[in-house]
Amino acid sequence: PTRRSSDLSHDFNRVQMDFVAGWFGGVAGLVVGHPFDTLKVRLQTDTTGRYRGAVQCFRHIVQSEGVSLTSVLMYAYMHTHDTCTHMHTHDTYTHAHIRHLHT
């Protein structure tokens with residue numbers, strides 16, 4: 001069957017919504033998860049006893065390495081791109097599977 005332009009417009013809108021949802025999901029994951037993951041890795045790999053706890057480790061990282069807006073934005077771009085791709089792929093598969101079940 002031939003697809004109508006309204007079907008294509010709906011598909012494009014769905015792709016846009018997948019992208020936006022994936023972007024917000026990626027940013028939320030980055031903001032919440034990345035700092036804790038960094039602390040966890042630093043604390044687990046510290047064999048010198050430099051860090052007395054998570055707060056002291058966090059302070060040391062900020063003081064010695066700083067927080068670069070450029071690196072945060074670059075990591076956010078990479079992370080959100082992956083999440084957007086996963087959201088769209090999952091949504092596309094789910095819709096195709098549902099259409100198949102109803103045919």
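**Note on a predicted three-helix model**

1. Among contacts between residues at least 6 apart in sequence, 60% join residues that are at least 24 apart. The model under discussion is a predicted one. It has three helices and zero strands, and the pattern read along the sequence is α-α-α.

2. The next point concerns burial and surface. Of the 103 residues in the protein, 15% are buried. The protein exposes about 8300 Å², and carbon and sulfur atoms supply 66% of that area.

3. One part of the surface deserves separate mention. F19, V20, W23 and F24 form a nonpolar patch there, and together these residues have about 420 Å² of accessible area. F24 is placed in helix α1. With a relative accessibility of 55%, F24 counts as exposed, because the cut-off for that class is over 50%.

4. The charged side chains come next. Side chains of opposite charge can pair when their charged atoms come close. How many salt bridges does the structure hold? There are two salt bridges, and they are taken in turn below.

5. The pair D37 and K40 forms a salt bridge in which the closest N and O atoms are 3.5 Å apart. Both residues belong to helix α1, and they are three residues apart, so about one helical turn separates them. D37 is partly exposed, at a relative accessible area of 38%. K40 is also partly exposed, at 42% relative accessibility.

6. The other pair is E65 and R42, whose side chains meet in a salt bridge at 2.9 Å, N to O. Because E65 lies in helix α2 and R42 in helix α1, this pair ties together parts that are 23 residues apart in sequence. R42 is partly exposed, its relative accessible area being 25%.

7. D46 should be examined with care. This residue is placed in the loop between α1, which covers 5–45, and α2, which covers 54–65. D46 is buried, yet it has no salt bridge. Why does D46 lack a salt bridge, given that R50 is the nearest side chain of opposite charge? R50 is 4.7 Å away, and a salt bridge requires the nitrogen and the carboxyl oxygen to be within 4 Å, so the pair does not qualify.

8. Although D46 has no salt bridge, its side chain does take part in other interactions. The side chain of D46 makes a polar contact with the side chain of T48, at 2.9 Å. The D46 side chain also reaches the backbone nitrogen of R50, at 3.0 Å. A student should therefore keep two parts of R50 apart when reading the model: its backbone nitrogen lies 3.0 Å from the side chain of D46, whereas its side chain is 4.7 Å from D46 and falls outside the 4 Å limit.

9. R50 itself is placed in the loop between α1 and α2. It is partly exposed, with a relative accessible area of 45%. The side chain of R50 makes a polar contact with the side chain of Y51, at 3.5 Å.

10. Which residues does R50 contact, once its neighbours within four places in sequence are left aside? The contacts are with Q56 and H60. R50 and H60 are 10 residues apart in sequence, and their C-alpha atoms are 9.5 Å apart in space.

Technical notes:
Residues numbered from 1 in each chain as written. Predicted model: local features only at pLDDT ≥ 70, side-chain atom pairs only at ≥ 80, totals over all residues. Heavy atoms only, no water. Helix = DSSP H or I, 4+ residues; strand = E, 2+ residues; numbered from the N terminus. Buried < 20%, exposed > 50% of the residue type's maximum accessible area, 1.4 Å probe, protein only. Lys, Arg positive; Asp, Glu negative; His and termini not counted. Polar contact = N/O pair within 3.5 Å; in protein donor to acceptor, adjacent residues only side chain to side chain. Patch = residues over 30% accessible without salt bridge, like charges linked within 9 Å, V, L, I, M, F, W, Y side chains within 5 Å. Areas by Shrake-Rupley, 256 points an atom, 1.4 Å probe, with all protein chains shown as cover. Contact = heavy atoms within 4.5 Å.
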